[in-house]
Amino acid sequence: MIEDKNQQRTQLSDLGEFKLIEHLTKSFKIKQSSTIKGIGDDAAVLNFDNKKIVVTTDLLIEGVHFDLSYMPLKHLGYKAVIVNLSDVYAMNAKATQITVSIAVSNRFPLEALEDLYAGIETAASIYNIDVIGGDTTSSNTGLLISVTAIGEIETNNEVYRNGAKPNDLLVVSGDLGAAYMGLQVLEREKEVYKVNPNSQPDLEQYSYIIERQLKPEARKDIIKLLNDLDIKPTAMIDISDGLSSEIIHLCKQSEVGCDLYEEKIPLDPQVISTCEEFNIDSTTVALNGGEDYELLFTVSQNDFLKIKANPNLTVIGYMKAVNEGMHLVTRGDSRIPIKAQGWKNFND
């Protein structure tokens, strides 16, 4: 968290836009057969034959979506890619290409952008996608990143949010709430640093939840797992805004109700202990924290035996008739209406 004051700084004005793009993207390699032409022309050229194409875009703004006082630029580049790939996988699709556009103020030297693009390149390598273009421009307010992800899917394999039926099982991958609690730890240490810049926090006991905040992963593995198990979800969404918000999206678009069981919500022990330390209810964190980038989906009860013993998947509830509403069934067997209290892009 302590800035190195002796870093080399190459002004972006020394390069200009086109040399900057060439410099930052020179090491990107083409890996997908569907990429005919990538960076270097007026537009990319792609060939997907007879497959369907999915496209999604996310915008990350400094001071709104990330804080560079504790978010390393390499991690930020990685995360900017991941949040888009997660949306592609939520369609049951294969991610193949991305474009990256940035707006940057003159407080960022070339070396800072090299770190940012190193994170982008790492994500592209791990998830086997091509970076095929984008844009750069100046900003008066800081750093802005826009990533567009493209994916492909065989016809009839796509999964939308509107296919859930009454009696379908509600399933989630991984565990929930860790990213939010990692953010709480980082925000606390930021305040300590303001008071004492020489303070060196010991974050080892929070390693898992901090990694979930700074370097999340998209669940490409779950899409492969479901395919291997011969399961096609009836509806699916990624958990970016909190479990409660995503359940409401699924229910409203599928015109169904839901019972979510509190005791079934998967929580990592580090989340539970950190919630106790911060005196925050762990269920509230799981419902409303957001940025988990796990997959929430529904499957037919006929598929229950296929997922029953899988450690990557947890059945957390089931879908009901729309007139029965959406409820959290507590450990005390009370029924509480589910409300969306997660991330909101705009305040009322």
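## A pair of strands to start with

Strands β7 and β11 make a good entry point: β7 covers residues 169-173, β11 covers residues 313-321, and the two pair in the antiparallel sense over five bridges. To find a spot along this pairing, look for V171, which stands opposite V315 in β11. Please keep in mind as you explore that this is a predicted model.

Both strands belong to something wider. They sit in an open sheet of seven strands, in the order β8-β10-β7-β11-β9-β12-β13, and the pairing in this sheet is mixed. At its edges are β8 (235-238) and β13 (335-337), each of which pairs on one side only. From one strand to the next, the twist averages 25 degrees.

## The chain as a whole

Stepping back, you can count ten helices and 13 strands in the chain. The chain has 348 residues, and buried residues make up 49% of them. Looking at contacts with a separation of 6 or more, 86% are accounted for by residues 24 or more positions apart.

## Strand β6 and its two partners

Now turn to β6, which spans residues 144-153. Which strands pair with β6? One is β3 (residues 52-61), joined to β6 in the antiparallel sense over ten bridges. Another is β4 (residues 94-104), also antiparallel to β6, over nine bridges.

Two residue pairs help you line these strands up by eye. On the β3 side, L59 stands opposite S146 in β6. On the β4 side, A103 has L144 of β6 as its bridge partner. Strand β6 is mostly covered, with nine of its ten residues buried.

## Helix α2 and the residue N84

Helix α2 runs over residues 73-89. Its 17 residues reach 25 Å from the first C-alpha to the last, close to the 24 Å expected at 1.5 Å a residue. Like β6, α2 is mostly covered: 15 of its 17 residues are buried.

One residue to look up in α2 is N84. Is N84 buried or exposed? It is buried, because its relative accessible area is 0%, under the 20% cut-off. Leaving out residues up to four places away in sequence, N84 touches T56, T57, D58, V147, T148 and A149. With D58 there is also a polar approach: a polar atom of the N84 side chain lies 3.1 Å from the backbone nitrogen of D58.

## Two nonpolar cores

The largest nonpolar core has 63 residues, and the members that touch the most others are L85, I98, V100, L116, I145 and F297. Which element gives this core its largest share? That is α2, with nine residues. If you pick out L85, you will find that it touches A95, I98, Y127, I129, A149 and A218, again not counting residues up to four places away in sequence.

Apart from this core lies another, of 23 residues, among them L176, I247, C251 and I265. Let us follow I265, which lies in the loop between β9 (256-261) and α8 (269-278). Although it is in a loop, I265 is buried, with a relative accessible area of 7%. Beyond its neighbours within four places in sequence, I265 is in contact with L176, L243, L260, T283, A286, L287 and I316. There is also a link back to the strand where we began: I265 and V172 are 93 residues apart in sequence, yet 8.5 Å apart in space, C-alpha to C-alpha.

## Two loop residues with positive phi

Finally, have a look at two backbone angles. N92 is not a glycine, and still it has a positive phi of about 70 degrees. D333 is likewise a residue other than glycine, and its phi is positive too, near 70 degrees.

Where are they? N92 is in the loop between α2 and β4, while D333 is in the loop between β12 (326-329) and β13. Their surroundings can be told apart by accessible area. N92 counts as buried because its relative accessible area is 16%, under the 20% cut-off. D333, at 62%, is over the 50% cut-off and so counts as exposed.

Conventions. Residues are numbered from 1 along each chain as its sequence is written. This is a predicted model: local features need pLDDT of at least 70, side-chain atom pairs count only at pLDDT 80 or more; totals for chains, interfaces and linings use all residues. Side-chain values use heavy atoms; hydrogens and water are left out. Two strands pair if DSSP finds at least two bridges between them. Helices (H or I, at least four residues) and strands (E, at least two) are DSSP runs, numbered from the N terminus. Axes are lines fitted to C-alpha atoms, for helices over the stretch in contact, and angles run from 0 to 180 degrees between N-to-C directions. Buried means under 20% relative accessible area, exposed over 50%, partly exposed in between (1.4 Å probe, protein chains only). A polar contact is a pair of N or O atoms within 3.5 Å; within protein, one must be able to donate a hydrogen and the other to accept it, and residues adjacent in sequence count only if both atoms are side-chain atoms. Contact means heavy atoms within 4.5 Å. The expected span of a helix is 1.5 Å times one less than its number of residues. A nonpolar core is a set of buried Ala, Val, Leu, Ile, Met, Phe, Trp, Tyr and Cys residues joined through side-chain atoms within 4.5 Å.
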